[in-house]
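Trainee: I've got the coordinates loaded and a pile of questions. Mind going through them with me?

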Protein chains: 2
Amino acid sequence: MVERSEQQIAVVTLGIADIARSRRFYVDGFGWKPVFENPEIIFYQMNGLVLATWHTPALEEDMKTPDLARPGAFALAHNVRRHQDVEPLMSRLVAAGGRLLRAADAPPQGGLRGYVADPDSHAWEIAFNPAWPISADGRVTFA
Amino acid sequence: MVERSEQQIAVVTLGIADIARSRRFYVDGFGWKPVFENPEIIFYQMNGLVLATWHTPALEEDMKTPDLARPGAFALAHNVRRHQDVEPLMSRLVAAGGRLLRAADAPPQGGLRGYVADPDSHAWEIAFNPAWPISADGRVTFA
């Protein structure tokens, strides 16, 4: 018998060196509102999951994994609804403490995308992908 | 004027050394079904976002960021609906090529959680968190 767990990510937690510096990127850059914050952790309610930005030593202790490295072998993507939204958002993220990794250009599948690292070197792809629908409440579907 | 972008993560992309080895962890361990796969990338439709497991050199080229490191300073969480679901899932993940980082125990906020790394050292927290509701369609809400 094959056991199947639902296809669900509940939380993405990023290790953060300086919570105030990171907050500026997410709150002033993306314009997101924390749902909870204290000096060690900030939670943002996302589209069916939660984003946590947590002081790295606390995350390492929770994971029982010392010496977490940067930049990690992963990327997060935020998809915008219009082609013309990509570059202004990337500019706001860089102005809020991000670092440009790749200027926006067209990927092979069409649309537009670039990459900006947050102040802790976590990579965000900012993409307009006309092939993948985004529902009114922000659910993104592979297509 | 403050610009605000919707609070949305469209894709979580993990850098993978060996796609077949990683597939075993996600397909046989979690029991998830790919929505698309080829020898370089596998996509899984999740709860309002997409999980991508992509050959690391291709991700590095796309991000214009060489030498991505492991383990990265991040964790993903998968929340189960019942206390008694945590440990059997962790066991299945380890049997499918995962590595135990932290055996399940009770966090300060209650419930139960442990951590298992996937074959590429990406950390998954497997958690029962009675305070955070999970909707019928898998949306997780901070509470």
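Trainee: Which residue of β1(B) stands opposite Leu76(A)?
Mentor: Start with Ala77(A), which stands opposite Val11(B) in β1(B). Strands (E, at least two residues) and helices (H or I, at least four) are DSSP runs, numbered from the N terminus. Opposite Leu76(A), in β1(B), you'll find Val12(B).

Trainee: And what kind of model is this?
Mentor: Residues are numbered from 1 along each chain as its sequence is written, chains are lettered from A and ligands numbered from 1 in the order in which they are written. Side-chain values use heavy atoms, with hydrogens and water left out; local features need pLDDT of at least 70, side-chain atom pairs count only at pLDDT 80 or more, totals for chains, interfaces and linings use all residues, and what you have is a predicted model.

Trainee: How many bridges join β5 of chain A to β1 of chain B?
Mentor: Strand β5(A) covers residues 74-79, β1(B) covers 11-16, and they run antiparallel. Two strands pair if DSSP finds at least two bridges between them. Here the number is four.

Trainee: Which strands are the edges of that open sheet?
Mentor: The sheet has eight strands with mixed pairing, in the order β6(A)-β7(A)-β8(A)-β5(A)-β1(B)-β4(B)-β3(B)-β2(B). An edge strand pairs on one side only, and here those are β6 (99-105) of chain A and β2 (36-37) of chain B.

Trainee: What angle does the direction of helix α1 of chain A make with that of β8(A)?
Mentor: The helix, residues 19-30, packs on the sheet and touches β5, β7 (112-117) and β8 (123-128) of chain A. Contact means heavy atoms within 4.5 Å. Axes are lines fitted to C-alpha atoms, for helices over the stretch in contact, with angles from 0 to 180 degrees between N-to-C directions. For α1(A) and β8(A) that gives about 15 degrees.

Trainee: How many residues of β5(A) are buried?
Mentor: Both faces are covered: Phe74(A), Leu76(A) and His78(A) are buried on one side, with Ala75(A), Ala77(A) and Asn79(A) on the other. Buried means under 20% relative accessible area, exposed over 50%, partly exposed in between (1.4 Å probe, protein chains only). The strand also has β8(A) as a parallel partner, with four bridges. Its count of buried residues is six of six.

Trainee: Which residue of β8(A) is the bridge partner of Asn79(A)?
Mentor: Asn79(A) is one of the buried residues of β5(A). Its bridge partner in β8(A) is Ala127(A).

Trainee: How far along the chain are Phe30(B) and Trp124(B) from each other?
Mentor: A search of the whole structure finds 31 aromatic pairs (ring centres of Phe, Tyr and Trp, the latter by its six-membered ring, within 6.5 Å; planes under 30 degrees apart are stacked, over 60 edge-to-face, the rest tilted). One of them is Phe25(B) with Phe30(B), edge-to-face at 5.9 Å and 90 degrees. Phe30(B) is also edge-to-face with Trp124(B), 5.1 Å centre to centre with 65 degrees between the planes. Phe30(B) lies in helix α1 (19-30) and Trp124(B) in strand β8 (123-128) of chain B, and the separation is 94 residues.

Trainee: What is the relative accessibility of Phe30(B)?
Mentor: Phe30(B) and Trp124(B) are both buried. Ser5(A), from the segment before β1(A), touches Phe30(B), along with Trp32(B), His78(B), Val80(B) and Leu89(B). Phe30(B) counts as buried because its relative accessibility is 0%.

Trainee: Why do the buried residues of α3(B) line one face of the helix?
Mentor: The buried residues include Val86(B), Leu89(B), Met90(B) and Leu93(B). They line one face because, seen down the axis (directions from it to the C-beta atoms), they fall within an arc of 100 degrees.

Trainee: Which side chain makes a polar contact with that of Arg82(B)?
Mentor: Arg82(B) sits in the loop between β5 (74-79) and α3 (86-95) of chain B. At 44% relative accessible area, Arg82(B) is partly exposed. A polar contact is a pair of N or O atoms within 3.5 Å; within protein one must be able to donate a hydrogen and the other to accept it, and residues adjacent in sequence count only if both atoms are side-chain atoms. At 2.8 Å, the partner is Asp85(B).

Note on methods. Lists of a residue's contacts leave out its neighbours within four places in sequence.
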